[in-house]
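Hi everyone, thanks for making time today. I'd like to walk you through one structure, starting with its strands and ending with a helix.

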Amino acid sequence: MNFTEVIDVPFRVAVASDDGRLINRHFAKTEQFWIFKLVDGRFYLDEVRDVQPVAYDNHQEKLLRIVEGIEDCGMAVASEIGPGAAVIMGQKGMEPFVTGDTVEEALARIAWRQQKNYIAMHAEKRARQNCIRIFK
């Protein structure tokens with residue numbers, strides 16, 4: 001893949017919440033994640049997903065199984081995320097996000113950031129294309 005290709009992949013966020021309104025769960029203690037999908041600059045609930053694996057003696061293995069249960073998401077949002085979970089998320093290309101906000105407030109900030117990143121990415125792409133035209 002080169003830098004001129006644009007891939008339209010939906011951006012999903014896994015939210016650790018008891019009720020879908022408040023971000024009030026610790027990542028490692030969450031049994032369900034509310035999965036939101038970004039569409040046209042707004043988040044919509046896609047599903048509520050069970051991720052609590054069977055009991056493991058090894059905490060790292062438990063964290064790995066939880067992350068694997070939501071690895072189609074680009075970000076996980078929780079009231080607390082430990083360093084072990086954050087490292088595993090990073091290895092899977094996910095971003096941890098810690099907040100105690102309401103789900104609506106957090107998703108609005110994330111949508112704004114994604115839009116800002118999208119604009120910056122396409123501005124850089126246009127600049128590179130213009131440089132290529134100049135040097136041809």
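Let's begin with a small puzzle: which residue in β3 is the bridge partner of Q32? It's D50. Please keep in mind that we're looking at a predicted model.

That pair belongs to a longer ladder, in which β2 and β3 run antiparallel and are joined by 8 bridges. The two strands make a hairpin with 2 residues between them, and in the turn D40 has a positive phi of about 50 degrees.

On to β2's pairing with β1. Strand β1, residues 11-16, is joined to β2, residues 32-39, by 6 bridges, and this pair is antiparallel too. If you'd like a spot to click on, V15 has W34 as its bridge partner in β2.

Now the whole sheet. It is open, with 5 strands in the order β3-β2-β1-β4-β5 and mixed pairing. At the edges are β3 (42-50) and β5 (95-98); each has a single partner strand, so one side of each is left without a neighbour in the sheet. From one strand to the next, the twist averages 25 degrees.

Finally, helix α1, residues 59-69. Which of its residues are buried? They are L63, I66 and V67. Looking down the axis of α1, these buried residues fall within an arc of 100 degrees, so they line one face of the helix. As for what they meet, the buried residues of α1 pack against β2 and against α2 (83-91).

One last detail: the N-terminal end of α1 is capped by N58, with a side-chain oxygen 2.7 Å from the backbone nitrogen of Q60. Thanks for listening!

Conventions: Residues numbered from 1 in each chain as written. Predicted model: local features only at pLDDT ≥ 70, side-chain atom pairs only at ≥ 80, totals over all residues. Heavy atoms only, no water. Pairing = 2+ DSSP bridges. Helix = DSSP H or I, 4+ residues; strand = E, 2+ residues; numbered from the N terminus. Axes fitted to C-alpha atoms, helices over the stretch in contact; angles between N-to-C directions. Buried < 20%, exposed > 50% of the residue type's maximum accessible area, 1.4 Å probe, protein only. Arc of directions from axis to C-beta. Contact = heavy atoms within 4.5 Å. Polar contact = N/O pair within 3.5 Å; in protein donor to acceptor, adjacent residues only side chain to side chain.
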